[in-house]
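User: Could you take a close look at the largest pocket in this model for me? I'd like to know what lines it and how the strands around it are put together.

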Amino acid sequence: MTRLTPTAEMTLGPFFPREFAEGADDLARDAPGEAIEITGRVVQLDGRGLDSLVLEIWQADARGRFDNPAFPGWGRAATDADGVYVFRTIRPGACEGRTPHINFLLLYSGLMRQLQTVMYFEDVADPVLDTVKAGRERLVAKREGERRYRFDIRLRGEGETPFFDDG
């Protein structure tokens, strides 16, 4: 019988190959509404980008509906070696009681839990955004052009992005 020796450390999974997100980053294809690009960088405490971090987004369609069969409202992208991600989608409309926003979920090898945050297009009254006291401005995307927005995410430290619990 072969005896196995325990190792000193174990790396937590799951592990995501870059192909895990391939082809799911373009929600705007054939979707009615204003096509936009959302790009950003995901960094850790020391400012270095995280490679192969997976971001999932879900959002309403241009009219603020989550139940449009012509627009799935869900996408996935992976960061590159510098921590940069890109989504092509449509600008969401306001759903009842909420300002236009896009929900983000972050998955990464070694994270003990999934991280959830929300990206807004402007700093206006919203029941979720209004719960954030410190760092509220970090949830508002920076407009970089007519149809391009930048939403950087910092996992820890000075300038950390506010994250939300799902429970």
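Analyst: Here's a walk through the pocket, then the strands that help line it, and then a couple of other spots in the fold. Keep in mind that this is a predicted model.

Let's start with the pocket itself. The largest one has a volume of about 200 Å³. Its lining is made up of 14 residues, and Arg138, Phe151, Asp152, Ile153 and Thr161 are the ones nearest the centre. In terms of chemistry, the lining splits into seven charged residues, five nonpolar ones and two polar ones.

Now for the strands. Both β1 (35-43) and β9 (153-154) give at least two residues each to that lining. These two strands also pair with each other: they run parallel and are joined by two bridges. Val42 stands opposite Ile153 of β9, and Ile153 is also among the residues nearest the pocket's centre.

β1 has other partners too. One is β8 (residues 148-150), paired with β1 in the parallel sense over three bridges; here Glu37 has Arg148 of β8 as its bridge partner. Another is β4, which runs antiparallel to β1 and is joined to it by seven bridges. In that pairing, Ala35 sits opposite Ile90 of β4.

Following β4 (84-90) back along the chain brings you to the loop between it and β3 (74-78), and that's where Thr79 is found. Thr79 counts as buried because its relative accessibility is 0%. Its side chain has polar company: it reaches the backbone nitrogen of Ser52 at 3.1 Å, and a polar atom of the Thr79 side chain lies 2.9 Å from the backbone nitrogen of Leu53.

β3 itself belongs to an open sheet of four strands, in the order β3-β2-β5-β6, with antiparallel pairing. The edges are β3 and β6 (115-120), each of which pairs on one side only. On average, neighbouring strands in this sheet are turned by 25 degrees against each other, ignoring direction. Inside the sheet, β2 (residues 54-59) and β5 (residues 101-107) run antiparallel and are joined by six bridges. If you want a pair to look up in the viewer, try Trp58, whose bridge partner in β5 is Asn103.

So back to what you asked about: the lining of the largest pocket draws at least two residues from each of β1 and β9, and β1 also pairs with β8 and with β4.

Definitions and conventions. Residues are numbered from 1 along each chain as its sequence is written. This is a predicted model: local features need pLDDT of at least 70, side-chain atom pairs count only at pLDDT 80 or more; totals for chains, interfaces and linings use all residues. Side-chain values use heavy atoms; hydrogens and water are left out. On a 1 Å grid over the protein atoms alone, a cavity is a set of points where a 1.4 Å probe fits but cannot get out, and a pocket is an open set with protein on both sides within 12 Å along at least five of seven lines; lining residues have an atom within 4 Å of a point. Grid points are joined across faces, edges and corners, and a volume is the space filled by probe spheres set on the points. Ala, Val, Leu, Ile, Met, Phe, Trp, Tyr, Cys and Pro count as nonpolar, Asp, Glu, Lys and Arg as charged, and the others, Gly among them, as polar. Buried means under 20% relative accessible area, exposed over 50%, partly exposed in between (1.4 Å probe, protein chains only). A polar contact is a pair of N or O atoms within 3.5 Å; within protein, one must be able to donate a hydrogen and the other to accept it, and residues adjacent in sequence count only if both atoms are side-chain atoms. Two strands pair if DSSP finds at least two bridges between them. Axes are lines fitted to C-alpha atoms, for helices over the stretch in contact, and angles run from 0 to 180 degrees between N-to-C directions.
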